[in-house]
Amino acid sequence: MRMRALADALGVLQEPGGYLERTTRFLAIVGGVTGADRAYYFKHNLDADPPTCSQRCEWVRDGISREIHNQTLQHISYESVLPGALSLLSVGSPCVIATPNATLPLKEILEEQGIKTLVLIPMLAGSTLLGFIGLDDCRSERSWGSEELELLRAAASGLTGALLRARVEADGSARSAEVGRSRRVSLSLMEDAQRAVAAAEEANRAKSDFLAMMSHEIRTPLNGVIGFTELLLGEDLPPRQAEMLATIQSCGGSLLALINDILDLSKIESGKLAFDVVPCRLQDCVSEVAAAFEPTLRDKNLSIHQVFSEGLPGHVLADDKRLRQILFNLIGNAVKFTRAGSIFVRLSAEAVSEARFFLVCEVEDSGIGIPEEDLDTIFDAFAHARNVTHRQFGGSGLGLAIVRRLLQAMGGDISARSTVGKGSVFTFRLPLLLAGETDVPAPARSLPPPREDLRPLRLLAVDDVPTNLRLLAGILKKLGCEVEQASDGHEAVEMARARAFDLIFMDILMPACDGVEAALLIREIERADPLREPAYIVALTADAFAENRDRCLAAGMDDFLTKPVKVASIRAVVEKVAGQSGPVG
């Protein structure tokens, strides 16, 4: 998404019109896609001695002060205001400055403009510094990653090329040879910028591939840990052994939650996170999330109070899974840091129109509180208010970062206030649409007891990892099913060719013939026999990315389960297929 936006920004620079007007539109795209609060272009005054710089163009986010007419930003001396910046910019290096670390008088200028962090990206034509692009963050201090800085370098390179072209076009008396040379330099710089964008896109794809691979590699052994633990907990075990197994299960669940958080964060940053907006009840979302914490609340002698305002709509259109994720992280955070007292979850509404409103949710605790100087950083990824907090309470520091980024992706935002020793209040606002009562499905019921009226099934389990295959067979046998096993895709296809199966659980990532290829071949076998009913094929994969799900369904599979698999999920599929009328094959 960022690379596409940068390509659009570079295209703006090639459009007709005044250079400063095009540059301002260019800065608006760059500032918006990077999440900055202010973006600007400073011209390097080549003839000044000592060297100075002056602001020429500016874009600001709503609510941020404009500084384009601020005379203190004209003819700024590098030596007195930006010490050390000129040496970095002249060799092509970015300059990142956090206000608390700045020296006077720069610190006074930054504080006056409400700047927490700024980054300067040089605009070089060969070895000549023409100026720089700057971006300000006014809401919190920011750490710029290498990938973001590479994108900004590409942006600066493109703006440099446009500046050279504008200078040539403005000088009508320039010799034709000089015009041609400058145009070639301009085009070369634009091509460099495009190549930088392409390289950044490739790096982003590589990161996604790496995360998908690591997701699979970590989830595969975790599938065995969690799955066999769940099976053992269903046995008649001595209390001490049951307690140790429950601990193993809890640790496995914590590791799985961390993996999911990292994948969510990656999806949000790459713009690949999709939202599924459906009718739902806000009260049900809060109540069901709160119920998940009942065991911990009992152990800590805490209580959760749910407060719904009179004007709160009951039925809305929202991504209820992501809304539950936000509530789960906020309530879980409150439970973790509260030793005694109560937790309040308050929901109210701010009307915008007849069909649209802002949901306002407050999660208040009576916990340890957060120091005022740390409130700006608690929403940063992998950040904790204090190192001692992390050592005492644990956690990855991802929960609040994901909450903010999910809310911002859905058009909302979150803030926090706190008093050390008394507690904290997290407040988020989220735009939502109203839904009719008849649009909202009935609440999901818990999985019913095993049915005895189900027909027997011919089952096939396919997985190249012996541990996973034993686990899947063990779950199916526990559910009273007889199951045949295949250790790779080729074997599964040949077994399906020899006989019809009602239900096939198919692993995806396998050598030689993967699950997708095997499913395609099995569907070809079924189409060749008009009397044969197609098997219900369920993809089992440790790759949790949406693209993998789409690929499986496009190959003719009927369902998709993510590892680690749960007994309840397997049973639901078995009962669904076994409850269908008539024998298969």
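Leaving aside neighbours within four places in sequence, which residues is Glu526 in contact with?

**View 1. Glu526 and its surroundings in a predicted model.** Glu526 belongs to helix 16, which covers residues 515-527. Outside the four places on either side in sequence, Glu526 is in contact with Arg532, Glu533, Pro534 and Ala535. Its relative accessibility is 7%, so Glu526 counts as buried, the cut-off being under 20%. Arg497 is 29 residues from Glu526 in sequence, and their C-alpha atoms are 8.5 Å apart in space.

**View 2. Helix 15 against helix 16.** Two packed helices are described by the angle and the distance between their axes. The axes of helix 15 (residues 489-498) and helix 16 come within 9 Å and cross at roughly 15°. Helix 15 is therefore roughly parallel to helix 16, as angles under 35 degrees count as such. The crossing is right-handed. Helix 15 contributes Gly489, Ala492, Val493, Ala496 and Arg497 to the contact, and helix 16 contributes Ala518, Leu521, Ile522 and Ile525. By class, these are 7 nonpolar, 1 polar and 1 charged residues.

**View 3. An open sheet of 5 strands.** The strand order is 15-14-16-17-18, and the pairing is parallel. Strand 15 (483-486) and strand 18 (559-562) each have a single partner strand, so one side of each has no neighbour in the sheet. From one strand to the next, the twist averages 20°. Strand 17 (residues 536-541) is joined to strand 18 by 4 bridges; Val538 has Asp559 of strand 18 as its bridge partner.

**View 4. Helices lying across the strands.** Helix 14 (residues 466-478) lies across strands 14, 15, 16 and 17, at about 170° to strand 15. Helix 15 lies across strands 14, 15 and 16, at about 135° to strand 15.

Conventions:
Residues are numbered from 1 along each chain as its sequence is written. This is a predicted model: local features need pLDDT of at least 70, side-chain atom pairs count only at pLDDT 80 or more; totals for chains, interfaces and linings use all residues. Side-chain values use heavy atoms; hydrogens and water are left out. Helices (H or I, at least four residues) and strands (E, at least two) are DSSP runs, numbered from the N terminus. Buried means under 20% relative accessible area, exposed over 50%, partly exposed in between (1.4 Å probe, protein chains only). Contact means heavy atoms within 4.5 Å. Axes are lines fitted to C-alpha atoms, for helices over the stretch in contact, and angles run from 0 to 180 degrees between N-to-C directions. Angles under 35 degrees count as roughly parallel, over 145 as roughly antiparallel, 65 to 115 as roughly perpendicular and the rest as oblique. A crossing is left-handed if the near helix is turned anticlockwise from the far one by less than a right angle, and right-handed if clockwise. Ala, Val, Leu, Ile, Met, Phe, Trp, Tyr, Cys and Pro count as nonpolar, Asp, Glu, Lys and Arg as charged, and the others, Gly among them, as polar. Two strands pair if DSSP finds at least two bridges between them.
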